[in-house]
Amino acid sequence: NNPTEEIVGEFGYSYAMEVITLPKSTDYNKDIIKNLQDIFYTVFPRIPLTSEIAKREFLIAPLLLEVVRHSMVKINIEYPLEVDDKLGGYLDYFLRANQELIVIEAKKKDIDSGFNQLAAELIALDKYEENESIEILYGAVTLGDIWKFGTLDRKKKHIVKNIHSQTIPEDTGEVFSILMGIVAG
């Protein structure tokens with residue numbers, strides 16, 4: 001429950017909340033977005049999306065599966081990452097291609113504490129990842145219907161939380177474009 005700045009400061013990182021220019025891709029069939037939105041608009045009224053499992057299976061997974069289907073990314077689910085006794089755990093979704101991306105579902109419907117978890121996981125990944133050519137690590141925290149992105153600049157040891165959020169189903173195209181842009185790296 002501590003502020004993000006205090007949490008990352010304990011590991012020697014700095015933090016800011018600002019507008020991030022995220023990579024985006026437009027190199028995909030726009031019917032993917034229409035199909036996803038059709039699914040989301042059909043599912044929302046019929047399935048109570050009150051549990052983490054429901055959100056993961058019906059909101060997050062369909063979007064990530066389309067990213068995997070239309071890119072060269074590999075996805076790991078519940079990926080174990082142990083750095084030391086302070087940094088470790090399981091990454092909900094870990095996408096690996098030219099660029100790496102962590103996606104976590106915020107627990108207890110709290111995007112801010114979810115971002116604290118994401119920041120700690122980005123730091124853990126920074127310490128774990130040996131490939132120094134990857135300068136920026138990307139992450140997203142989601143409630144399923146709300147997405148918030150963040151970055152970690154590995155050289156500056158600086159984490160940024162994007163001021164902007166995207167919502168599903170309205171911003172499905174933007175979220176998909178960002179995810180595709182990141183993994184295309």
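Colleague: Let's start with F115 in this predicted model. Is F115 buried or exposed?
Modeller: The relative accessible area of F115 is 0%. The cut-off for burial is under 20%, so F115 counts as buried.

Colleague: Let's turn to the rings. How many aromatic pairs does the count come to?
Modeller: Two rings pair if their centres lie within 6.5 Å. By this rule, the number of aromatic pairs is five.

Colleague: What kind of pair do Y15 and F115 form?
Modeller: Their ring centres are 6.3 Å apart, and the planes make an angle of 55°. Planes under 30 degrees apart would be stacked and over 60 edge-to-face. An angle of 55° fits neither class, so the pair of Y15 and F115 is tilted.

Colleague: Y15 and F115 sit in separate elements, it seems. How many residues apart in sequence are the parts that this pair ties together?
Modeller: Y15 belongs to strand β1 (residues 14-18), and F115 to helix α4 (residues 111-128). The pair therefore links parts whose separation in sequence is 100 residues.

Colleague: And what about W147 and F149: which kind of aromatic pair are they?
Modeller: The centres of the W147 and F149 rings are 6.2 Å apart, with 25° between the planes. Both residues are buried. With planes under 30 degrees apart counting as stacked, the pair of W147 and F149 is stacked.

Colleague: Now I102, please. Which strand holds I102?
Modeller: I102 is buried, at a relative accessible area of 0%. Beyond four places in sequence, its contacts include L91, Y93, F94, L118, Y138 and G139. The strand, spanning residues 100-105, is β4.

Colleague: What separates the C-alpha atoms of I102 and L36?
Modeller: Along the chain, I102 and L36 are 66 residues apart. In space, their C-alpha atoms are separated by 21 Å.

Colleague: Let's look at the helices. How are α3 and α5 oriented to each other?
Modeller: The axes of α3 (residues 52-69) and α5 (residues 172-184) come within 10 Å and cross at roughly 45°. That angle lies between the limits of 35 degrees for roughly parallel and 65 for roughly perpendicular, so the two helices are oblique.

Colleague: Which residues of α3 and α5 make the contact, and how many of them are nonpolar?
Modeller: α3 brings L63, L64, E66 and V67, while α5 brings T172, V175, F176, L179, M180 and V183. By class, one residue is polar and one is charged, and the number of nonpolar residues is eight.

Colleague: α2 meets α5 as well. At roughly what angle do the axes of α2 and α5 cross?
Modeller: The axes of α2 (residues 31-46) and α5 come within 9 Å. The two helices are oblique to each other, and their crossing is right-handed. The angle is roughly 125°.

Colleague: How many residues in the contact of α2 with α5 are charged?
Modeller: I32, I33, L36, Q37 and F40 of α2 meet T172, G173 and F176 of α5. These residues divide into five nonpolar and three polar, and the number charged is none.

Colleague: That leaves α2 and α3. How do α2 and α3 run relative to each other?
Modeller: Their axes come within 11 Å and cross at roughly 165°. Since an angle over 145 degrees sets the class, α2 and α3 are roughly antiparallel.

Colleague: Which residues touch E66, not counting those up to four places away in sequence?
Modeller: E66 is found in α3. At a relative accessible area of 16%, it is buried. The residues it touches are I32, L36 and F176.

Colleague: Any unusual backbone? Which residues does a cis peptide bond join?
Modeller: Most peptide bonds are trans. Here one has an omega of about 10°. P169, in the loop between β8 (166-167) and α5, is one partner, and the bond joins I168 and P169.

Colleague: And what is the phi of E78 and of K157?
Modeller: E78 lies in strand β2 (residues 74-82), whereas K157 is in the loop between β6 (146-153) and β7 (158-162). E78 is partly exposed at 34% relative accessibility, and K157 is partly exposed at 34%. Neither is a glycine, yet phi is positive for E78 and for K157, at about 55°.

Conventions:
Residues numbered from 1 in each chain as written. Predicted model: local features only at pLDDT ≥ 70, side-chain atom pairs only at ≥ 80, totals over all residues. Heavy atoms only, no water. Helix = DSSP H or I, 4+ residues; strand = E, 2+ residues; numbered from the N terminus. Buried < 20%, exposed > 50% of the residue type's maximum accessible area, 1.4 Å probe, protein only. Contact = heavy atoms within 4.5 Å. Axes fitted to C-alpha atoms, helices over the stretch in contact; angles between N-to-C directions. Parallel < 35°, antiparallel > 145°, perpendicular 65-115°, else oblique. Nonpolar A, V, L, I, M, F, W, Y, C, P; charged D, E, K, R; others polar. Phe/Tyr/Trp six-rings, centres within 6.5 Å; stacked < 30°, edge-to-face > 60°. Left-handed = near helix turned anticlockwise from the far one by under 90°.
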